[in-house]
Amino acid sequence: MLTYGDCILYVKKVYDALNGQINHIAPAIRLALTEPNPDVAKKIEVVGSQCMLYIEIRLDSVFEKFNYLKLTDNEIRGGLLFIVAHELSHCNQKIIPNRHTDIEYVRYIEYSNNVNTINYLYKYEDILKEYLGPYEVPDIALQAYYLQRNYYNGEQIIFPYISSVKEKVLDGLSIITKEDVYDTKYPLVNNINMEVYIQNRMHKSFNIIRNKQLTIEPIDIIKMSQFIARGIYDYSGYSTISGDTYTACINLNSAPVYNVTVLR
Ligand SMILES: [Zn+2]
């Protein structure tokens with residue numbers, strides 16, 4: 001019987017094997033295991049999430065669910081593999097910012113991502129089994145995919161690829177400021193900075209784009225992701241433009257609450 005600790009190790013092993021492969025354009029920077037909030041996580045049944053290049057797996061919820069369903073060890077491994085692969089695949093996916101309330105769009109993003117994930121796992125099944133040992137992706141992990149497939153009823157759905165890490169970061173920034181930050185919208189912008197305030201007092205400022213080149217440090221990409229990631233920060237975002245420099249500002253309404261166990 002797989003223990004909770006075995007599952008943590010397995011998730012790390014899967015992440016190491018797949019990161020930069022299924023998401024070759026935009027490798028993830030960090031995998032985090034989130035302690036589920038009993039009031040929220042279980043109700044909405046979120047098992048994993050992806051934000052920019054940051055992946056969270058709610059392993060407690062997954063483990064409890066899999067235990068409850070009396071899955072075999074092979075099925076637990078297959079389920080964990082599918083969840084991690086699904087979240088990593090999102091890193092490579094072009095997700096238009098600020099359309100998360102558009103149900104049709106979210107359905108399309110999730111379905112095309114599931115198709116991409118399943119195709120990848122199928123294509124590399126032999127190599128994965130050689131490296132990870134035996135596993136079996138259980139039906140419960142594929143439930144959302146089956147529903148989406150019925151909905152699209154054979155329609156050809158194309159997985160939309162991101163063009164670069166820079167685009168992924170700017171899309172993340174667009175979520176933070178709630179406006180689209182693109183070269184086309186601001187052709188004269190050469191530099192993009194970010195300023196973080198805590199209760200209106202300057203906390204940190206950093207550079208994202210310098211002379212149109214991505215210069216942000218990985219640690220700051222993680223911070224940006226965490227601003228967006230559900231439940232970590234309560235913030236408001238806005239932007240200013242001065243000359244050829246766009247500055248995204250976020251004001252945290254309270255000090256950050258870290259409810260995340262960071263693995264890497
Ligand atoms: Zn998803």
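**Strand pairing and helix contacts in the predicted model**

The bridge partner of Tyr197 in strand β8 is Asn251. The model is predicted, so that local features are reported only at pLDDT of at least 70 and side-chain atom pairs only at pLDDT 80 or more, whereas totals for chains, interfaces and linings use all residues. Residues are numbered from 1 along each chain as its sequence is written. Strands (E, at least two residues) and helices (H or I, at least four) are DSSP runs numbered from the N terminus, and two strands are taken to pair if DSSP finds at least two bridges between them.

The strand β8 belongs to an open sheet of five strands, ordered β6-β5-β4-β8-β7, in which the pairing is mixed. The edges are occupied by β6 (213–214) and β7 (235–242), each of which has a single partner strand, so one side of each is left without a neighbour in the sheet. Eight bridges link β4 (residues 191–198) with β8 (residues 245–252) in the parallel sense, and along this pairing Asn191 is placed opposite Thr245 of β8. On β5 (residues 201–210), by contrast, β4 pairs in the antiparallel sense, over seven bridges, and there Val196 stands opposite Lys204 of β5. In a regular strand the side chains alternate between the two faces of the sheet.

The strands β4 and β5 form a hairpin with two residues between them. Gln199, in the loop between β4 and β5, has a positive phi of about 45 degrees although it is not a glycine. Asn200 also lies in the loop between β4 and β5, and its phi, near 70 degrees, is likewise a positive value in a residue other than glycine. Most residues other than glycine have a negative phi. Gln199 is exposed, with 10 other C-beta atoms within 10 Å, and Asn200 is exposed as well, with 8 other C-beta atoms within 10 Å; in this classification, a residue with 12 or fewer other C-beta atoms (placed from the backbone) within 10 Å of its own is exposed, one with 20 or more is buried, and one in between is partly exposed.

On the other side of β8, eight bridges join this strand to β7, and the two run antiparallel. Asn251 of β8 is here the bridge partner of Ser236, while Asn251 is also the bridge partner of Tyr197. The strands β7 and β8 form a hairpin with two residues between them, and in that hairpin Gly243 takes a positive phi near 60 degrees. Ser242, which is found in β7, counts as exposed, with 9 C-beta neighbours inside 10 Å. The C-alpha atom of Ser242 is separated by 9.1 Å from that of Val189, a residue 53 positions away along the chain.

Two helix pairs were examined in terms of their axes, which are lines fitted to C-alpha atoms over the stretch in contact, with angles running from 0 to 180 degrees between N-to-C directions. Helix α8 (residues 165–177) and helix α9 (residues 218–228) have axes that come within 10 Å and cross at roughly 40 degrees. That angle makes α8 oblique to α9, given that angles under 35 degrees count as roughly parallel, over 145 as roughly antiparallel, 65 to 115 as roughly perpendicular and the rest as oblique. The crossing of α8 and α9 is left-handed, a term for a near helix turned anticlockwise from the far one by less than a right angle, clockwise being right-handed. Val169, Gly172, Leu173, Ile175 and Ile176 of α8 make the contact with Ile221, Met224, Ser225, Phe227 and Ile228 of α9, contact being defined by C-beta atoms, placed from the backbone, that lie within 7 Å. By class, the residues of this contact of α8 with α9 comprise eight nonpolar, two polar and no charged (Ala, Val, Leu, Ile, Met, Phe, Trp, Tyr, Cys and Pro count as nonpolar, Asp, Glu, Lys and Arg as charged, and the others, Gly among them, as polar).

In the second pair, the axes of helix α4 (residues 73–91) and helix α5 (residues 103–123) come within 9 Å and cross at roughly 120 degrees; α4 and α5 are therefore oblique to each other, and the crossing is right-handed. The residues in contact are Phe82, Ala85, His86, Ser89 and His90 of α4 and Asn113, Asn114, Asn116, Thr117, Tyr120 and Leu121 of α5. The contact of α4 with α5 has four nonpolar, seven polar and no charged residues. Phe82 also has its C-alpha atom 8.5 Å from that of Leu142, 60 residues apart along the chain. Leu142 lies in helix α7 (residues 139–152) and is partly exposed, with 17 other C-beta atoms within 10 Å.

Key: Two residues are in contact if their C-beta atoms, placed from the backbone, lie within 7 Å.
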